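Subject: Structure handover

Hello,

Here is the structure I promised to pass on. Please open it next to this email and follow along.

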Amino acid sequence: MASIETDYLIVGAGTSGLAFADALIAESDAEVTVVDRRPAPGGHWLDAYPFVRLHSPSAYYGVDSLPLGEDRIDTDRENAGYYERASGQEVRAYFAEVASRLAETGRVSLLYEHEHLGQGADGERVRAMRTGTLKDVVVRRRVVDARYLEASVPSTHTPSFEVASVAKVAPVNELPAAADSVSSYTVLGSGKTAVDACTWLLDNGIEPDRIRWVRPRDAWFHDRAHFQPLDQVGQIIEGIALDVEAGAEATGLDDMFERLEASGRLSRIDPSRPATMYRGTMLSARELEAVRQIEDVVRLGRVRRVEADRIVLERGEVDTRPDVLHVDCTALGLRSTSATPVFQPGRIVLQQLRYNSPPANAALIAFVEAHRDDDVDRNRLCPPNPYASSVEDWPRMMSRSWRTEREWLGEPDVSAWLAGSRLNLVSALPAHAAEPAVRSALERYLTNVGPAIERLEQLDDSTTKVAATVEPARPYPEPAARPPVHG
Ligand SMILES: Cc1cc2nc3c(=O)[nH]c(=O)nc-3n(C[C@H](O)[C@H](O)[C@H](O)COP(=O)(O)OP(=O)(O)OC[C@H]3O[C@@H](n4cnc5c(N)ncnc54)[C@H](O)[C@@H]3O)c2cc1C
């Protein structure tokens, strides 16, 4: 049996695994082996639909050492006035470049089409998927689980509903190829992928009345205006000032979301309908305006079965036809996993720390691994903060993010790293802090963040639950799924 020796074995060559590897190489002398089942680096981006784009700006996505894009401001279409967002193809090309630069250091080996099977008798067991050859990897320091939050995407997931053989159902990836051969479209799913499918149809001249939208839940979306970095960093500070103001003053969960909506921080597609889903996604005002044209919305819960002439849902059924294309956008996207300690004996399990910053979180965990000596201290700086799925998750996720950021600011080396990292969405703040609007937003943030943490922790009936349900360290924690939710 072939054998490999390495300091760190990273399982997963997606954004998280590569952002971690990149930062670890920069901050230590470690040797790293990265394995992934897929044939190339980039994780779920390899299987993304053809018209996918980042929903956040490229400026703070990817790995720390290599910029993505040119920090251009888009001048037309739905992203006009905002920093560019890479297409799926650009993200894939970027990660190919990242991987080749990592390999050139001579300290990183990347093995694609290699599956990590877990612990074997003589080390970590990896299988070369083409040949079936088993390899033992002797890991001198730690295994890094960069697949704990593995994304689920429409082209590779198994839909949770049945499809009769005569019904036309296709993953969103097949929409462009199938679009011409049908009379109308039913988009299945509530999240960003479903929004993208609807926007793509509208952009391609399909009249809104030829689109039906099956939305099991209505979602809250951020306004992309509040996630603009660099010269527009004041917008981010304005956004977080609105968060803490709503948090500090809220009398309850509903009241808080009303405040967030009234301030323009969050929006829902139909303001007359309650929204219960929050997945951290963002839309521009123009995207929101476009999808609001679709009036045929089915709110009968999740799809159970698609047949030739009807769709059976949790709470009823609606008619359909064999010439309707049902576009599957129901994959989970971000996986809702339970919290487990990030640093464990012989293991690191990459997870969310600060909300909406997957690459920065992974890179920061690498920094902490390299610059702290004991795991108690490392875990203090990196408490896991599971992705939100519903409005009930918001108080826990936000208050935990703010508390964790305070811990970081108290550590000079961590805050210096953050200040210099392109992955930190507010890294341009010092250059703009003297601008009156930025200064005023910052003051509102600083005044309200303490009361907001306190208030949100009271509102969060899961705060104590999350602390208690951080699963104890286990040799190889399987992703412990929380109840599935449709994206
Ligand atoms: C459509 C879409 C758009 C998004 N847009 C943004 C955005 O604009 N901004 C943002 O910040 N975030 C965005 N996200 C969130 C996104 O999930 C993260 O940014 C990031 O790409 C997740 O990367 P990951 O490495 O954690 O997971 P993945 O990309 O899922 O990578 C995990 C990898 O682990 C591998 N793997 C799993 N098990 C094994 C095993 N046993 N052995 C070997 N390999 C294994 C898998 O093959 C996979 O390649 C988006 C997500 C989706 C789905």
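A caution before the details: this is a predicted model.

**Sheets**

Start with strand 17. Its partner is strand 16, residues 310–313. The two run antiparallel, and four bridges join them. One pair to look up is I311 and V318: V318, in strand 17, is the bridge partner of I311.

Both strands belong to an open sheet of four strands. The order is 7-15-16-17, and the pairing is mixed. Which strands form the edges? They are strand 7 (162–163) and strand 17 (316–319). Each of these edge strands pairs on one side only.

Now find an open sheet of three strands, in the order 12-11-13. Its pairing is mixed too. Strand 12 (266–268) and strand 13 (277–283) are the edge strands. On average, neighbouring strands here are turned by 40 degrees against each other, direction ignored. Strand 11 covers residues 219–223 and runs antiparallel to strand 12, with three bridges between them. Look at W220: R268 of strand 12 stands opposite.

**Salt bridges**

Side chains of opposite charge can pair when their charged atoms come close. The count of salt bridges comes to 47. Here are some to click on.

- E5 and R140 meet at 2.9 Å, N to O. E5 lies in strand 1 (residues 2–11) and R140 in strand 6 (residues 134–145), so the pair links parts of the chain that are 135 residues apart.
- E115 and R127 meet at 3.0 Å, N to O. E115 sits in strand 4 (residues 114–120), R127 in strand 5 (residues 123–128), and twelve residues separate them.
- E369 and R378 meet at 3.4 Å, N to O.

Are these residues buried or exposed? E5 has 51% relative accessibility, and exposed means over 50%, so E5 counts as exposed. R140 is at 42%, so this residue counts as partly exposed. E115 is at 16%, and the cut-off for buried is under 20%, so E115 is buried. Its partner R127 is partly exposed, at 26%. In the third pair, both E369 and R378 are buried.

There is also a network to trace. Salt bridges with shared partners join R372, D377, R380, E407, E411 and D413 into one network.

Best wishes

Notes: Residues numbered from 1 in each chain as written. Predicted model: local features only at pLDDT ≥ 70, side-chain atom pairs only at ≥ 80, totals over all residues. Heavy atoms only, no water. Pairing = 2+ DSSP bridges. Axes fitted to C-alpha atoms, helices over the stretch in contact; angles between N-to-C directions. Salt bridge = Lys/Arg side-chain N within 4 Å of Asp/Glu carboxyl O. Buried < 20%, exposed > 50% of the residue type's maximum accessible area, 1.4 Å probe, protein only.
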